[in-house]
Amino acid sequence: MAKQFDFNSILQKFQLYGNPVSVEPYGNGHINDTFAVVFDQCGTRVRYILQRINTNIFRDPVNLMENIRRVTGHQAAKAANAREYLTLVPAQDGKCYVIDDAGNYFRCYLFIENATSFDILETSQQAYEAARAFGRFQADLADITGGRLVETIPDFHNTPVRVQNLENAIRLDKCNRVKEVAAEIDFVLSRKDICSKLIDLQKSNCIPERITHNDTKLNNVMIDDATGKGICVIDLDTVMPGLAHYDFGDMVRTGTSPAPEDERDLNKIFMRFENFEALLRGYCSEAGKVLNDCELENMPFAGALITLEIGTRFLTDYLEGDVYFKTRREGHNLDRARSQFQLVRSIESQYNEMMNLLNQVKKEIKK
Ligand code: ADP
Ligand code: GN1
Ligand code: MG
């Protein structure tokens, strides 16, 4: 059993039946601590996902969990079956989280069995299915009631603010690393003028605020092992008001390159056009009808912008001493930043083809 927390006492505070058999670290997330928990329930082994919320990053876990409770409740009312949304296990006191003696916040979900979350997509069909699931997620949440969801991380996708954060990190140069990364800094700063494009379009009312997931990394959707369908969107911490582009952009970032996010060999990193096409078609098959023309036309741009933005965040974290994203090796955040920038180059070089495809897809949606 993993040791860093008093799991027996934490698990007792949830409405879980039977006896815990094992607790093991699980998944490849960069933010929370995730564990797979096995319970023995009268001879049957049943798995759950237990997560410690990273409260250095999510400063208001109570309102964050209230967002998740509302979102999953809304999804449940629309879903065909219980594998299509996350199910929170209630705590003994009726809340949807537990606080341990050290003040850590934990939540527990039913484990979605017989489904896989992929760090790298193997086929463009998977890209289509994953994007379709994220598109459906956005469409399903469009009519959630009960007021605006809480912004769990303010300015999460405010790209100009992310660039300002980089500039502050450069000024402070806390770890004396700026001298190593002149080319990467230049890469970002030379694109500064495009960073406010989406926010400006929102300010001028060309694109509307929607409820978005905001972390649509492709490993945040579970693909059914038997049918290959994208069944359930997970990792709901950042579900909050946003732009449709934030979701589509992050799908392009994570669903088009054949190499992992932290690949060091830059020759292996590029946007596979067939995956871009699959993402666009999959996403539009569910969300396309509600998007306006201006939103649709900026989807190719969103891929480049969000990839640049996340690369900027990796670079900033490298300069600040790797304090935000979990790292597993020296220079990990810098490797990630470099790979993102390489992908931006590849996306930018395919802009015309993406726009041609978009015009075709736009016509198909309108039919
Ligand atoms: P992080 O915010 O750290 O990325 P996630 O919520 O994405 O954490 O969880 C990490 C990994 O755990 C996911 O990529 C997925 O593989 C797995 N996971 C999360 N929730 C479930 C679930 N309910 N059922 C099965 N696997 C899950
Ligand atoms: C983090 O939680 P995870 O690993 O799905 C991050 C995303 C980044 C991503 C980069 C709350 O996502 O914004 O795009 O890493 N989540 C948060 O891989 O910062
Ligand atoms: Mg995740």
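Here are some notes on the two ligand sites and the open sheet in this predicted model.

1. Start with ligand 1. It has 20 residues around it, and Gln 51, Ile 112, Ser 117, Asn 220 and Asp 235 are the closest of them. By class, that shell splits into 10 nonpolar residues, nine polar ones and one charged one. As for where it is housed, ligand 1 sits in the largest pocket.

2. Three asparagines are worth clicking on here. Asn 220 uses its side chain, with a polar atom 3.0 Å from an oxygen atom of ligand 1. Asn 32 comes in through its backbone instead: an N or O atom there is 3.1 Å from a ligand 1 oxygen. Asn 219 also offers a backbone N or O atom, 3.3 Å from an oxygen atom of ligand 1. How much of ligand 1 does the protein bury? On its own the ligand exposes 560 Å², and 95% of that is buried by the protein.

3. Now ligand 2. There are 17 residues around it, with His 30, Lys 217, Glu 261, Arg 313 and Tyr 324 coming nearest. Its shell is made up of seven nonpolar, four polar and six charged residues. The space that ligand 2 takes up is the largest pocket, and ligand 1 is likewise placed in the largest pocket.

4. Side chains supply the polar contacts I'd look at around ligand 2. Glu 261 has a side-chain N or O atom 2.5 Å from an oxygen atom of the ligand. For Arg 313, a polar side-chain atom is 2.8 Å from a ligand 2 oxygen, and for Arg 253 the corresponding distance is 3.3 Å. Taken alone, ligand 2 has 440 Å² of accessible area, of which the protein covers 98%.

5. Which elements build these shells? Around ligand 1, β3 (44–52) and β5 (105–110) each put in at least two residues. Around ligand 2, the element that gives the most is helix α10 (residues 299–319), with three residues.

6. On to the sheet. It is open, has five strands in the order β1-β2-β3-β5-β4, and pairs antiparallel. Why is one side of β1 and of β4 left without a neighbour in the sheet? Both β1 (19–25) and β4 (98–99) stand at the edges with a single partner strand each, so one side of each has no neighbour there.

7. Walking across from the β1 edge, β1 and β2 (residues 33–41) run antiparallel and are joined by six bridges. If you want a landmark, Asn 19 stands opposite Asp 40 in β2.

8. Next over, β2 and β3 are antiparallel too, with nine bridges between them. Here Thr 34 faces Gln 51 in β3, and Gln 51 is also one of the closest residues to ligand 1. The two strands make a hairpin with two residues between them, and Cys 42 in that turn has a positive phi of about 55 degrees.

9. Last pairing: β3 and β5, again antiparallel, are joined by five bridges. Tyr 48 has Leu 110 in β5 as its bridge partner. This pair of strands ties the sheet back to the first site, since β3 and β5 each give at least two residues to the ligand 1 shell.

Terms used
Residues numbered from 1 in each chain as written. Chains lettered and ligands numbered in written order. Predicted model: local features only at pLDDT ≥ 70, side-chain atom pairs only at ≥ 80, totals over all residues. Heavy atoms only, no water. Near = heavy atom within 4 Å. Polar contact = N/O pair within 3.5 Å; in protein donor to acceptor, adjacent residues only side chain to side chain. Areas by Shrake-Rupley, 256 points an atom, 1.4 Å probe, with all protein chains shown as cover. 1 Å grid on protein atoms, 1.4 Å probe; cavity = no way out; pocket = protein on both sides within 12 Å on 5 of 7 lines; lining within 4 Å. Sits in = over half its atoms within 2 Å of the grid points. Helix = DSSP H or I, 4+ residues; strand = E, 2+ residues; numbered from the N terminus. Nonpolar A, V, L, I, M, F, W, Y, C, P; charged D, E, K, R; others polar. Pairing = 2+ DSSP bridges.
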